[in-house]
Amino acid sequence: MEQNPRWKNTALLVIGMQKDFIDDDGLARLPTGKAIVPNVIKAVEIARQRGILVVWVAREHDPQGRDIELFRRHWYSAGKVGPVIKGSRGAELIDDLAIKEGDYKLVKTRFSAFFATHLHSFLQSSGSGIDSLVIIGVQTPNCIRQTAFDAVALDYKSVTVIVDATASGTPEVQAANIIDMKNVKIAVPTLQEWCEADA
């Protein structure tokens, strides 16, 4: 696909669209997660049409939960099977999404895709001079927000969160977090608005 010059410095981060977070039987299911799946699929399609680098950001944890936040360690204690264990079905992308040639997968163990990962160095050295990010996935007050705020702290020129391709536990939590992100100049378009923003 020939790259649209407007988007050559942009990457799409697709965060947490894994079976344990989205599927009905997911161990850490976000009830509102399924509703955004069609918009996530569409956003990925549009990104590929524009020649935007697609980065799949996934949580994967040690079976004993030794690399998860302290407040979540109980999920893995006393022989429990916790969510998104590396190599498990629950850690896989949902069935409607797939990593394709040219995409990139990044594994994280904390909210932010930048925390203790090589994401920033990868984006800087990917050959595209990426300075703009578009973020979708789950969930907004945790992984989406923290990644977006870290991108602002790292001086990415443009940070966008597509509001209807992200999900929170409740509409009120979603709205409050969108306000906070707007206040630090993160763009918060709908999917339709983002799709219509072309050269």
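Asp62, the parallel sheet and its helices

In this predicted model, a polar atom of the Asp62 side chain is placed 2.9 Å from the backbone nitrogen of Gln64. Asp62 belongs to the loop that runs between strand 2 (53-59) and strand 3 (104-108), and because its relative accessibility is 17%, under the 20% limit, Asp62 counts as buried. When its neighbours within four places in sequence are left aside, the residues in contact with Asp62 are Asp67, Tyr76 and Ile85. The loop between strand 2 and strand 3 also holds Val84, whose phi is near 45°, a positive value in a residue other than glycine. With a relative accessibility of 1%, Val84 likewise counts as buried.

The strands on either side of this loop are part of an open sheet of 5 strands, which has the order 3-2-1-4-5 and parallel pairing. Strand 3 and strand 5 (158-167) stand at the edges of the sheet, and each has a single partner strand, so one side of each is left without a neighbour in the sheet. From one strand to the next, the twist averages 20°. Strand 2 and strand 3 are paired in the parallel sense over 5 bridges, and within this pairing Arg59 has Lys108 of strand 3 as its bridge partner.

Helix 2 (residues 37-50) packs on the sheet, where it touches strand 1 (10-15), strand 2, strand 4 (132-138) and strand 5, and the direction of helix 2 makes about 155° with that of strand 1. Helix 4 packs on the sheet as well, touching strand 1, strand 2, strand 3, strand 4 and strand 5, with a direction that makes about 170° with that of strand 4.

Strand 1 is mostly covered, as 6 of its 6 residues are buried. In a regular strand the side chains alternate between the two faces of the sheet. In strand 1, Thr10, Leu12 and Val14 point one way, while Ala11, Leu13 and Ile15 point the other way, and all are buried. The pairing of strand 1 with strand 4 is in the parallel sense and extends over 6 bridges, with Leu12 standing opposite Val134 in strand 4. Strand 1 also pairs with strand 2 in the parallel sense, over 5 bridges, and here the bridge partner of Ile15 is Val57 in strand 2.

Between strand 4 and helix 4 lies a loop in which Gln139 is found, and the peptide bond from Val138 to Gln139 is cis, with omega near -20°.

Two packed helices are described by the angle between their axes and the distance between the axes. For helix 4 (residues 140-153) and helix 5 (residues 171-182), the packing angle is about 10° and the axes are 11 Å apart, which means that helix 4 is roughly parallel to helix 5. In this contact, Thr140, Pro141, Arg145, Ala148 and Phe149 of helix 4 meet Val173, Gln174, Asn177, Asp180 and Met181 of helix 5. The residues of the contact divide into 5 nonpolar, 3 polar and 2 charged.

The loop between helix 5 and helix 6 (191-196) contains Lys185, for which phi is near 70°, a positive value in a residue other than glycine. Lys185 is exposed, because its relative accessible area of 74% lies over the 50% limit, whereas Val84, with its own positive phi, is buried.

Technical notes: Residues numbered from 1 in each chain as written. Predicted model: local features only at pLDDT ≥ 70, side-chain atom pairs only at ≥ 80, totals over all residues. Heavy atoms only, no water. Helix = DSSP H or I, 4+ residues; strand = E, 2+ residues; numbered from the N terminus. Buried < 20%, exposed > 50% of the residue type's maximum accessible area, 1.4 Å probe, protein only. Polar contact = N/O pair within 3.5 Å; in protein donor to acceptor, adjacent residues only side chain to side chain. Contact = heavy atoms within 4.5 Å. Axes fitted to C-alpha atoms, helices over the stretch in contact; angles between N-to-C directions. Parallel < 35°, antiparallel > 145°, perpendicular 65-115°, else oblique. Nonpolar A, V, L, I, M, F, W, Y, C, P; charged D, E, K, R; others polar. Pairing = 2+ DSSP bridges.
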